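Q: Got a minute to walk me through this one? I'd like to go through the sheets and then the helix packing.

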Amino acid sequence: MCALAVGMHLQAKKLVVVHTNDTHSQIDVSDKGLGGIERRKVLVDSIRAVHPDMLLIDAGDAVQGTLFFTLYGGEVEMKMMNELGYDYAILGNHDFDNGVEALAMNLANSNAQWLTTNYDVSGSVLEPYFRPYALREIGGKKVGIIGLNLNPEGMIAEGNYDGVRYLDAIKAANATAWHLKHNEKADVIVAVTHVGYNEVPPSDRDIAAASEDIDVILGGHSHTLIVPGSGDEWVTNAVGKPVLVAQNGKGGHYISEVVFDLDSVASKLPEYRQIKVDGRLDSRVTAGLDSVLAPYRSGVDEMMGKKIGKSVMELSNDEAPLLNFISDFCLDEARCLTGEAIDLALMNKGSLRRSLPKGDITQGQIIMMQPFDNRIVVLDIDGASLAEAFDVMASRGGDGVSHGVEALFDTATGKCTSIIINGEPLDRDRTYRVATIDYLANGGDYMKPLTRGKQIARSEKVVYSDMIDYIIKKRKINPDRRARMIPAVR
């Protein structure tokens, strides 16, 4: 059972919850000029100064995406969360990137209470750090908090979540929320989730619609920016009550603040606002975090200053040219790896973690753009399975394919209507030689069809190391600008 923590300010009339998600190791300001841990601390401290009982909660994936994680494995992120005073946190899928032993070491250094309602971690190295829920008393009212995680199968690399057993998120949410509401007499139920706003079921929308007792969902995973007033923030639950769903995109560019009137919880909906983490906060940044970050900066600065080539244009991680570049790189590397012809390459757009500037490109920027411990592999796979893989890519709006490949897909069905490979329609009866990364080849990102392929080659280096060598040889990046997987015109 979870201990009841009694707030110091029992006269408080409001419950204030500040929520972050998918900050992805963005300790410094991002390449888009937003975010940064020092700016975030300014906001958190200013809200806490007015509302001392404020709850600071993270909805997962505080790690992976910058050199701070590549070099130090999560140590920096845990220290920063401690400095900001996070009360509660849940895991994201990238928390498992280095396996459960490394994750346990990070959790041992965290001051937050970690929650998971639908991961059974009993008997694993993670067990000491988790509770199924928390119960907190604020302003004379009880607040129940649950944590809901995605199904690791098909999203987290096999072997990286050993000892974790997934439980149905909707069943776990409803059973635990009911217990908190009716047995523990909680006045407010907060669900902190890392399943995605409208992703593979059960999503935040699914959980909200099936619930009876949850008041607010603080979400993560899909990097959705749910703007207050858009209408996307409200989902009607199973008994006709609106449930607030909040999410802040990615990279710590925004934080959300949810406020409940504790005297009118049953009759008044919570207030929701998002606060942009931008340069207007710079004048209020203090030197408090500098000494904590100082030991880690030299390694980061060294990599960020090492020039390896140039780009003829700015390459946004949200647009086709950068996706084309990594797909063509994968194809070229596979040809060098095997010394044979390769039909095509497939890369996932979710692997693109930052943009690249026009002009000089540094080693550090490439590592941050492709930070994962993946390797290029070559598969022989039948055309029918390859077609299924294209449908998986189409279902999420298209992924990366190498030059010579053109695919049209129906946005309504998430299926491809046309796949052309080197001038010919995809032949379901033919065997294709495909380059990709081992994460996808092993079924990651729901690419289960690729697991039917036969692996014939694998790079000894991680992708970013191969890419750095590739750019040094080419000296200049000038990718095709045209999207290769596009919606069919109706």
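**Sheets and helices**

A: Sure, starting with an open sheet of five strands: the order is E21-E18-E25-E20-E26, and the pairing is mixed. This is a predicted model, where local features need pLDDT of at least 70, side-chain atom pairs count only at pLDDT 80 or more, and totals for chains, interfaces and linings use all residues. Residues are numbered from 1 along each chain as its sequence is written, and side-chain values use heavy atoms, with hydrogens and water left out.

Q: Which are the edge strands there?

A: Strand E21 (400-401) and strand E26 (454-458), each pairing on one side only. Strands (E, at least two residues) and helices (H or I, at least four) are DSSP runs, numbered from the N terminus, and two strands pair if DSSP finds at least two bridges between them.

Q: How many bridges between E20 and E25?

A: Seven, with strand E20 (residues 376-382) and strand E25 (residues 431-437) antiparallel. Within that pair, Leu379 sits opposite Val434 of E25.

Q: And which helix packs on that sheet?

A: Helix H8 (residues 320-338), which touches strand E18 (344-347) as well as E20, E21, E25 and E26. The direction of H8 makes about 130° with that of E18. Contact means heavy atoms within 4.5 Å; axes are lines fitted to C-alpha atoms, for helices over the stretch in contact, and angles run from 0 to 180 degrees between N-to-C directions.

Q: OK, switching sheets. What's the strand order in the three-stranded one?

A: E19-E17-E27, open and with mixed pairing. Strand E19 (359-362) and strand E27 (476-477) are at the edges with a single partner strand each, so one side of each has no neighbour in the sheet. Strand E17 (residues 307-311) runs antiparallel to E19, joined by four bridges, and Gly309 faces Ile361 in E19.

Q: Which strands does H12 lie across?

A: E17 and E27; helix H12 (residues 463-474) runs at about 65° to E17.

Q: Which H12 residues are buried?

A: Val463, Tyr464, Asp466, Met467, Ile468, Tyr470 and Ile471. Buried means under 20% relative accessible area, with exposed over 50% and partly exposed in between (1.4 Å probe, protein chains only). Just past the end of H12, Arg475 has a positive phi of about 75°.

Q: New topic: at what angle do H1 and H3 pack?

A: About 25°, with the axes of helix H1 (residues 37-50) and helix H3 (residues 75-84) 10 Å apart. H1 and H3 are therefore roughly parallel (angles under 35 degrees; over 145 is roughly antiparallel, 65 to 115 roughly perpendicular and the rest oblique). On the H1 side, the contact uses Ile37, Arg40, Lys41, Val44 and Arg48, and on the H3 side Met80, Glu83 and Leu84.

Q: What about H3 and H7, how do their axes cross?

A: At roughly 170°, with the axes of H3 and helix H7 (residues 290-304) coming within 11 Å. That makes H3 roughly antiparallel to H7. The residues in contact are Glu75, Val76, Lys79, Met80 and Glu83 of H3 with Val292, Leu293 and Tyr296 of H7.

Q: Last one: why is E2 largely enclosed?

A: Because six of the seven residues of strand E2 (residues 14-20) are buried. E2 pairs antiparallel with strand E15 (residues 254-261) over six bridges, and parallel with strand E3 (residues 55-58) over four. Lys14 has Asp261 as its bridge partner in E15, while Val17 is opposite Leu55 in E3.
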